[in-house]
Amino acid sequence: MKLSKSKIIGLAALLVVVLVLGGVTVLRNWKASTAPKPVKTESVTGYLGGEKITLFEDQEFKNLAARNGLNIDYRKAGSLAMMDADSNGMDYLFPSSKVAVEYGKAKKIDTSGADIVFNSPIVIYTHKQVADGLVKTGMMSKTDGVYRMDMAKAVDALKTNKTWAQVGWSGGYGQFRIDSTDPVKSNSGNEYAALVATVLNGGQPATVQSVQRDQATLQSIFSKSGWMETSSEDSFNQFLTLGVGSKPMMIGYESQVLDVAANQPDAWNQVKDDIVIVYPTPTVWSTHMLIPLDDKGRKLLTLLKSDDMQKLAWQRHGFRSANFTGTDGIKRFKVPGTVDQITAVSELPSNDAMQAIITTLSKGQ
């Protein structure tokens, strides 16, 4: 049977429609099979040291977590205080030192899965007029734009109740002091206390016996600061806000000023000509360790130690990497007086000695 020209055209059009519809269906099926499957997200929460909050609130941090199936929440707590807090329903603890981990272990917390995530040296923050005054009397030095504090001279001045004027800052009121967070609850204050106790022990790591011997001196030194914050981040924000008259000098983490410079350019521009970072000689390293309490906590630990997260923590928040990922030079932050290498470092005392320091300073409060 011979088809008419119009029928041939009609059949051809129908065939084209069938092929197009079939192709669309195949394409849809192919896209559906190759499209990335949604990641199932589970919530994880725990106690977090305040100095790491800006990292956990970083949108890039949240995006990395979501891509790895985690929605991360936290409650702020001091490194030592979190070991005494109720951990029911918590998936992790994220203090800022091995000391806190050992303290937790003594409190019957399972710390077997704890691991180092970040590092940050303990530093002193002060103001330019204070720093330059102390340089003139030799308590501090300034070489190639880097300020360093002679901790033996500083502790001697604290011990002998020197005034600010006597150590070189004529504008200071009252006795010379270096403020810190509460050494009984917060890591930065606790590590500063360990450094003071070590200096009092002739530069050798403090022992239980030396802490008992120097008990009155330690209590006297820390009583100069009066009421102390329990969060390093709260303390640093107060330092930036209240000015030289209220907080002439304080203990903190190196990462804190790097974080401000990287993430708050307007705030940094307001304080950069006044704020001075000082490296104590010697100083101590703060090792930020995560303690996973369950499987979700272990997933968080794996994420935090990943290359992407380590690089983010350094480049945007100033935490020195635990695995050297992304550790380009510190000059990237454009913060004057910072150094790549920390050369003068003291070992922390043993756990027994650290417990003795906590007990001693608890009695002094």
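**View 1. The two sides of helix H15 (residues 295-304).** Asp295 and Thr302 are exposed (over 50% relative accessible area, 1.4 Å probe, protein chains only) on one side of H15. This is a predicted model, where local features need pLDDT of at least 70, side-chain atom pairs count only at pLDDT 80 or more, and totals for chains, interfaces and linings use all residues. Numbering runs from 1 along each chain as its sequence is written, and side-chain values use heavy atoms, with hydrogens and water left out. Helices (H or I, at least four residues) and strands (E, at least two) are DSSP runs, numbered from the N terminus. Now for the buried set (under 20% relative accessible area): Gly297, Leu300, Leu301, Leu303 and Leu304. They share a side of H15 because they cover an arc (from the directions from the helix axis to the C-beta atoms) of only 160° around the axis.

**View 2. The buried face of helix H3 (residues 59-67).** Here the buried residues are Phe61, Leu64 and Ala65. They fall within an arc of 100° down the axis, so they line one face of H3. Their cover includes helix H2 (53-57), strand S3 (70-72), H15 and helix H16 (307-317). Just after H3, glycine 69 has a positive phi of about 80°.

**View 3. Threonine 338 in its loop.** You'll find threonine 338 between strand S12 (320-321) and helix H17 (351-363). Threonine 338 is buried, at 14% relative accessible area. Setting aside neighbours within four places in sequence, threonine 338 is in contact (heavy atoms within 4.5 Å) with Val146, Leu258, Ile277, Tyr279 and Ile330.
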